[in-house]
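Let us walk through this structure step by step, beginning with its strands and then turning to some of its helices.

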Amino acid sequence: MPIGASQLTRAVRLHAHGFRSPADDAVGVVERLGAIQAQDLGAAKWVIGSRMARPTRAAVDAALTERRIVRSWPMRGTLHILPARLLRPTLRLTSSRVLASARLRHERLELGEAEYRTARGAVERALAGGGTATRDELAALWSEAGIVATGPRTYHLIWWLALDGVLCGGPVDGRVQHFALLDDWAPPSPDEPDTAEQTLAELFVAYVRGHGPATLADFAWWTGVTIRDTRIALDGAGDQVERFVDRLADDWPVRYVETGATDATASRPSGALALAGFDEYYLGYADRSPVCDPRFGDLVVPGGNGVFQPVLVLDGRVVGTWKRIGTAAKPRVGLRWFEPATETAERRFERPIRAWARFQGIELHGIDASAA
């Protein structure tokens with residue numbers, strides 16, 4: 001009996017995301033996916049860890065400290081972790097449009113060129129030679145320089161300087177991000193893409209490799225580039241990608257692209273996963289309906305507030321959310337099903353939930369299940 005179109009898509013995506021062939025290290029995960037959304041640093045670590053053969057938080061922190069991956073604002077004006085060699089080329093593609101969209105917000109915050117120049121000068125002097133600083137330390141530095149740097153003004157100054165390639169995320173201390181000068185922390189690499197066309201092609205290949213099958217519209221949403229740019233990206237990718245043809249999918253309005261042939265196309269989506277909030281398996285697409293019934297979208301992102309809940313994935317389909325509950329002394333995990341689940345389905349999540357607990361260094365005291 002042939003696999004249905006949506007089943008086939010989910011099977012190939014599970015393979016592309018690395019759930020069937022976990023990586024040996026954190027860098028391998030990030031390189032496979034191209035980039036991961038990372039405004040919640042703790043969640044981002046589990047996005048990486050859930051795709052590793054032997055995941056530990058220390059391994060993720062080490063990859064950041066080794067400067068092979070870096071945390072900054074390369075796409076959609078949102079924090080991501082990506083390979084360090086792709087940060088500058090990506091910023092050259094995306095930052096001008098993102099900054100233009102923030103002009104009114106900066107006017108309301110009374111942040112202009114004068115404040116920017118003062119903030120940049122102060123941070124370049126203070127961090128030159130390899131120094132780092134936390135957000136609070138940067139706020140204090142700018143206050144000494146005469147800038148009112150409280151609340152969102154501090155965030156937007158860091159954000160603006162990062163988009164201009166001045167600052168980037170540096171070492172991580174638990175959940176605390178330090179910032180460094182990009183040129184000191186991750187100097188330009190000789191193997192960086194040289195042109196916009198090369199950058200678009202490399203980003204597209206990376207996105208499809210770690211997310212495919214996906215559409216050009218998905219890629220445009222993920223990067224924040226124009227539809228014209230997506231066509232340049234597709235042309236530049238050449239034979240590194242191929243059309244994902246599913247003759248059963250005649251109800252789909254677009255064709256998908258996928259890297260190379262894989263035996264995932266002949267298999268069914270399978271397995272139980274407890275994924276982080278903001279995980280790319282759900283978040284990384286303009287159209288999320290192949291993996292989650294749209295009726296339940298508001299349960300993953302309550303009220304459309306942009307905060308993506310950790311999700312339960314069963315055989316490729318998002319079937320619920322989960323979160324840590326209980327007390328600090330006796331932590332538990334609560335499972336929230338979109339629809340009533342069988343005891344068999346509940347038991348299948350025991351292993352991935354306990355894998356997350358080991359990653360966090362938590363001695364779990366139980367798992368509770370309920371319907372939404």
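In this predicted model, a good place to start is the pair formed by β2 and strand β3, the latter covering residues 78-83, which run antiparallel to each other and are joined over five bridges. Within this pairing, S72 lies opposite H80 of β3. Helix α2, made of residues 26-33, packs on the sheet and touches β1, β2 and β3, while its direction makes an angle of about 110° with that of β3.

Taking the sheet as a whole, we find that it is open and has three strands, in the order β1-β3-β2, with antiparallel pairing. Because β1 (36-37) and β2 (69-75) stand at the edges and each has a single partner strand, one side of each is left without a neighbour in the sheet.

We can now move on to helix α3, which covers residues 41-49. At the start of α3, a side-chain oxygen of D40 comes to within 3.2 Å of the backbone nitrogen of G42. Nine of the nine residues of α3 are buried, so this helix is largely enclosed by the rest of the structure; among them are K45, W46 and the glycines G42 and G49.

Further along the chain is helix α11, with 16 residues numbered 196-211, and here a simple check on length is possible. At 1.5 Å a residue, α11 should span 22 Å, and because its end C-alpha atoms are 22 Å apart, the two values agree. The buried residues of α11 include T199, L200, F204, Y207 and H211.

Conventions
Residues numbered from 1 in each chain as written. Predicted model: local features only at pLDDT ≥ 70, side-chain atom pairs only at ≥ 80, totals over all residues. Heavy atoms only, no water. Pairing = 2+ DSSP bridges. Helix = DSSP H or I, 4+ residues; strand = E, 2+ residues; numbered from the N terminus. Contact = heavy atoms within 4.5 Å. Axes fitted to C-alpha atoms, helices over the stretch in contact; angles between N-to-C directions. Buried < 20%, exposed > 50% of the residue type's maximum accessible area, 1.4 Å probe, protein only. Polar contact = N/O pair within 3.5 Å; in protein donor to acceptor, adjacent residues only side chain to side chain. Expected span 1.5 Å × (residues − 1).
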